[in-house]
Amino acid sequence: MPGTLTITHDSRVPILSWTPRLPYPPLGYQAYWSPGVDGPWKGLNQEMLLLTQYRDDAHPIRTNNRIYYKVNYKLGAVELPWVTSTLFLADASPAWVQRVLGEIRRRHTAIMLPMGGEDCDLYLVRAAGEVCPTGEVVGNGFRCTFEGRLCPQCLGTGILGGYIRMADVKIRVRNAQEQVELRNDGIVVTEGRRGYMAAFPTVQTGDFFVRVNGERYAITNVTSRELQGHRTLQVFNINVIEPEHPLYEITETVLERAA
Ligand SMILES: [Zn+2]
């Protein structure tokens, strides 16, 4: 099944996200930009992308302009086409859209104020790279079948290195006083407990983050707030990871050893 490339923008800076190639992950992805449908295509990333997202700071979209993107995937020295899409920014949105956008930006700023947002270490599951030797295709994805507590090579993700760590990503954690339930996999599900962050980097279920106080949270149920292609905010449920959970053992050092 072919993948799809979704392009939104954050104050005119294009944000690309695409579906991963399944079941076998590629070694990496390569993104291209073009001003026209037939090229010339310009490569965007120097090093292969290991996540299925890219923020194109070099080509902010202008009003009434269309820009073109394609993402290829790499298998060894071979590069194969994967997804394409375009971004168009319509002229003169209606006044009500401008007002609503202004209001959304105002709230966004309020939510992400330094006093509300907290610098967290974000761990994003790798979407590309070399596969784990104890991995295999299960269903439509590649999974690690290591039988110990935490696979030292892929950290349970199926891809060597496991995660991409991003330091100092602002996340606002909204605490809620609600019922807590302990699941048997060691992740506490807290109804109504939410996290908020800016449009990039894009997060998904499986990613987790570490707060300044050392608490760890698993991210699930991500939705993004968008208006007319402008992505303002990502909202997600956050579930406390118990200190006994293997995810607690993943640190910067463990990542370096795994990679
Ligand atoms: Zn593994």
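Me: Why is Asn221 called exposed?
Reply: Asn221 has 12 other C-beta atoms within 10 Å. A residue is exposed if 12 or fewer other C-beta atoms lie within 10 Å of its own, buried if there are 20 or more, and partly exposed in between, with C-beta atoms placed from the backbone. Asn221 is therefore exposed. The model is predicted: local features need pLDDT of at least 70, side-chain atom pairs count only at pLDDT 80 or more, and totals for chains, interfaces and linings use all residues. Numbering runs from 1 along each chain as its sequence is written.

Me: Where is Asn221 found?
Reply: Asn221 is in strand E16 (residues 216-227). Strands (E, at least two residues) and helices (H or I, at least four) are DSSP runs, numbered from the N terminus.

Me: What makes the phi of Asn221 worth a remark?
Reply: The phi of Asn221 is positive, about 50 degrees, although Asn221 is not a glycine. Most residues other than glycine have a negative phi.

Me: Why does Ser11 count as exposed?
Reply: Ser11 has 10 C-beta neighbours inside 10 Å, so it meets the cut-off for exposed. Ser11 lies in the loop between strand E1 (5-10) and E2, and also has a positive phi of about 50 degrees without being a glycine.

Me: How do you know that E3 and E4 pair?
Reply: Two strands pair if DSSP finds at least two bridges between them. Two bridges join strand E3 (residues 28-34) to E4, so the definition is met. The two strands run antiparallel, and Trp33 stands opposite Lys42 in E4.
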